[in-house]
Each structure stands twice: as C-alpha cells, then as structure tokens.
Amino acid sequence: MTSVPSATPSGSSGPSEPPVSSPRPKSPPQTVRPPKPPTNPTPGARVTITGTIAPGVEGNCLLLNGYLLVGGPRDVLKPGASVSVDGQVQPDMVTTCQQGTPLVVESARAS
C-alpha cells in the first residue's frame, strides 16, 4: 500500500483562511421617552425642569418633559430648544392644548 502525501505538510505555514465571524445582530432603534410629570402633582408646587422643548399638537403649545409650558419668554421657549425652566405646577388649570400638566413659567434660560 502506498501512502499519498498530504497537500499541506504538518508544521508548514501555508495560506490560511480568515476566521469566519457571524454578522453582528442589528439592535432595534432606541426610543427615548421624556420623563413624565408626577401622577398627582401638588397644585402650586415649584419645580425646575431641564430638557428639550417639544411642540404640542395644538398651535402655540409647548411641552417639556410632560409639562405644558404656560407663559414665559417665547424667545427662549421654542420647539427644539434645550432649556431649564422654573415654574409653578397648576394641574387644575384649563387650557386649549389638551395635553401636558400645566406649568406656569416663572423663568426660563437656555441650557
């Protein structure tokens, strides 16, 4: 019986194949939800809120972390602006905005 030599002798450093790696699984896009205001905010409570202003569904309505901004300097309070707002929570206030817990703005500044 004759032996057939192998194609790659042992100990030789012939060409090698790169390791096969499995493709990385794509992670689903992350949805960032702003924090919600307290479920039972104390009427008249003073709060400071920092975040990015979002437009409301009704015209001229501005939302910040679940609060409806009532009043305040409109040159600072614009959709997309990063701000810090001081104000007084008024959950019983009637508005035409139909969303958010009303927050009467006492001061606002870009952050």
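Which residues does V47 touch, not counting residues up to four places away in sequence? Select V47 in this predicted model and display its surroundings: leaving out those sequence neighbours, V47 touches V85, D86, G87, V89 and L103. The place of V47 is in strand β1, which covers residues 46–52, and at 22% relative accessibility V47 counts as partly exposed, because that category begins where the buried one, under 20%, ends. Among the residues just named, V89 is worth selecting together with V47, since the C-alpha atoms of V47 and V89 lie 7.3 Å apart in space while the two residues are 42 residues apart in sequence.

**The sheet as a whole**

Now colour the strands and follow their order, which reads β1-β5-β6-β4-β3-β2 in an open sheet of 6 strands with mixed pairing. At the edges are β1 and β2 (54–55), each of which pairs on one side only. The tour continues inward from β1.

**Strand β5 and S84**

Select S84 next, which is found in strand β5 and, at 9% relative accessibility, counts as buried. The side chain of S84 is joined to the side chain of T50 by a polar contact of 3.3 Å. Leaving aside neighbours within four places in sequence, S84 is in contact with T48, I49 and T50, and also with S107, A108, R109 and S111.

Keep β5 (82–89) selected and add β6 (residues 101–110): these two strands pair in the antiparallel sense over 7 bridges. To see one register point of this pairing, select G87, whose bridge partner in β6 is V105.

**From β6 to β4**

Moving on in the sheet order, hide β5 and show β4 (residues 67–70) beside β6, where the sense of pairing is parallel and 4 bridges join the two strands. Y67 is a convenient residue to select here, as its bridge partner in β6 is T101, while on the β3 side Y67 in β4 stands opposite L64.

Next, select G71, in the loop between β4 and β5. G71 counts as partly exposed, at 33% relative accessibility, and, not counting residues up to four places away in sequence, G71 touches L77 and V105. V105 has thus been met twice on this tour, as the bridge partner of G87 and as a residue touched by G71. Add E106 to the view as well: G71 and E106 are 35 residues apart in sequence, yet their C-alpha atoms are 8.0 Å apart in space.

**The hairpin of β3 and β4**

Finally, display strand β3 (residues 62–64) with β4, which pair in the antiparallel sense over 2 bridges. The hairpin that these strands form has 2 residues between the strands, and in it N65 takes a positive phi near 50 degrees. Is N65, in the loop between β3 and β4, buried or exposed? With a relative accessible area of 15%, N65 is buried, because its value falls under 20%.

Show the side chain of N65 together with T50, and the side chain will be seen to reach the backbone oxygen of T50 at 3.0 Å. T50 therefore closes the tour as a residue approached in two ways, with its backbone oxygen reached by the side chain of N65 and its own side chain in a polar contact with that of S84, for which atoms must lie within 3.5 Å.

Conventions: Residues numbered from 1 in each chain as written. Predicted model: local features only at pLDDT ≥ 70, side-chain atom pairs only at ≥ 80, totals over all residues. Heavy atoms only, no water. Pairing = 2+ DSSP bridges. Buried < 20%, exposed > 50% of the residue type's maximum accessible area, 1.4 Å probe, protein only. Polar contact = N/O pair within 3.5 Å; in protein donor to acceptor, adjacent residues only side chain to side chain. Contact = heavy atoms within 4.5 Å.
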